[in-house]
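Dear colleague,

I am handing over the structure below, and I would be glad if you kept it open while you read the notes that follow.

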Amino acid sequence: MAAIFVTGGSKGIGRAISLHLCSQGHNVAFSYNKNKSFAESLLDEAKNFAGKIFAVPMQVENRKSVQQAFSATKQNFNSNIECLINNAAISQEKPFLEITDDDWKNMHNVNLLGPFICSQEVIPEMIKSKWGRIINISSIGGQWGGFNQAHYASSKSGLINLTRTIAKIYSKDGILSNAIAIGLVDTDMSSAEINRQDGKKKIDGIPIGRIANMEEITSVVEFLCSESSSYITGQSINLNGGMYFS
Amino acid sequence: MRLKDKVCIVTGSSRGIGESIAKGYADEGAKVVITYVSNKEDAFKVAENTNSELVLQLDVRSRENIKEVFQKVSDKYGHVDVLVNNAGVNRTADFDKQTEEEWDEVIDVDLTGVFRCCQEILPYIKDNGRIINIGSLSGEYGGPRTPSYAAAKMGVMALTHCLARFLGPRNICVNCLSPGVVAGEFTEQTMSPDVKETALSLMLIKRFARYEEMVGAAVYLASDESSYVTAQTISVNGGAWVR
């Protein structure tokens, strides 16, 4: 069975995706950067699942590190990576005028250069097998901007356009590229925002009236990995409770 | 079984996309209500394949007929979980040749029909239910030879937004599934060879869709899994119009 690779899988959304896909019988590799203990606890949690699980340290913005991680994954599962889920990301809240060049670069290195490198490294083999799925985890911030997250919003917007570009170039080769643009969900990355007064006000304005739960994210990832999505490419699936309409 | 025992009405399900969605829902354990406007024979064949207990004539141009049909579904099952507004017509013509009669007919069925069904389902649809409106690539792109159809389908997207706001407090998700060009009878009747060629040139997946390829998204949007997706358009169009 082919492998699914989830970048940044030890915590938050990536962890939920890794656990869900593995529980459904897929062979899942996930990368982690610094959170080795979280990675180990995930391996433990998934050890009796229907699929196999594999953890590998990786820095998405470092091509050599990505190459090593993908190579280790292929060796471990004795198969190619058929689905790549570009999930690893960082966020930072800062007023626009205080964002430094380094802040900007770090953000785009992880959130945009990382998916670019990972996609470049898996696409040649996907072309050979004439089948592949690239799923980019984007954000509503990439669609409507962010007051204190200009660099985050920019990187996630870029990711949506990278999704479209890969779809335009490689759909003919059987590689489908889609993004999931997520609204508010309770993770380490968003907990500060959703617990503040302005965050609570934002939640009140969501037509569904609450933030997302992890199951609601993992199910759409599973759908996009599957054969059932065979005519969907270049799209952003908006999972935001109606915060932003398409 | 992702839709086990859910009561799903699929309008215009005697053939085409509606038929495929009805089959897909039945495969996932739903109780599917088949409706048709004139293809009674085909509708009963679909019902046989989907083990449907209700096959009802429904003309979405008639509010009285809609009321009668939804009442019958309620009498049988007590409620509705999912409404798929699929029934539609198309009248192709260049913009300067489209008649007002054609315009009125298409808007009446494809847009006002959806509005009527959405209003009349409100007393019957359960909280946490789903409304799925079938849009079209034509509505997103502005199909050059389908002025009335494109306007109606874009209108369906706006209606989807409006209704999603209205039904959010009841946790009813309202979304639009927007197919591209599907290979089949409808396309054969409405697209000339040169228009087909133009359409194909837009597509990233270099072929027309199969009816079955609409089912995955339709099942997802009807299932409990999509409980945080509302007011959205899911485009199943082979990348013909990338948004």
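Which residues of H3(A) are buried? Before the answer, please bear in mind that this is a predicted model. Helix H3 of chain A runs over residues 63–77, and its 15 residues reach 21 Å from the first C-alpha to the last, close to the 21 Å expected at 1.5 Å a residue. The buried residues of this helix are Val66(A), Ala69(A), Phe70(A) and Thr73(A). Because they cover an arc of only 95° around the axis, they lie on the same side of H3(A). On the other side of H3(A) you will find Lys64(A), Ser71(A) and Gln75(A), which are exposed.

What covers the buried residues of H3(A)? The cover includes four strands of chain A, namely S1 (3–6), S2 (27–32), S3 (53–57) and S4 (81–86), together with helix H4 (101–129) of that chain. After H3(A) comes Asn78(A), and the phi of this residue is positive, near 55°.

The other finding concerns the two chains, where 28 residues of chain A are in contact with 29 residues of chain B. On the side of chain A that touches chain B, at least two residues each come from helix H6 (150–170), helix H9 (214–225) and strand S7 (236–239) of chain A. Of these, S7(A) gives the most to that side, with four residues. Sorted by character, the residues on the side of chain A that touches chain B are ten nonpolar, 14 polar and four charged.

With best wishes

Notes:
Residues are numbered from 1 along each chain as its sequence is written. Chains are lettered from A and ligands numbered from 1 in the order in which they are written. This is a predicted model: local features need pLDDT of at least 70, side-chain atom pairs count only at pLDDT 80 or more; totals for chains, interfaces and linings use all residues. Two residues are in contact if their C-beta atoms, placed from the backbone, lie within 7 Å. Ala, Val, Leu, Ile, Met, Phe, Trp, Tyr, Cys and Pro count as nonpolar, Asp, Glu, Lys and Arg as charged, and the others, Gly among them, as polar. The expected span of a helix is 1.5 Å times one less than its number of residues. A residue is buried if 20 or more other C-beta atoms lie within 10 Å of its own, exposed if 12 or fewer, and partly exposed in between; C-beta atoms are placed from the backbone. The arc is that of the directions from the helix axis to the C-beta atoms.
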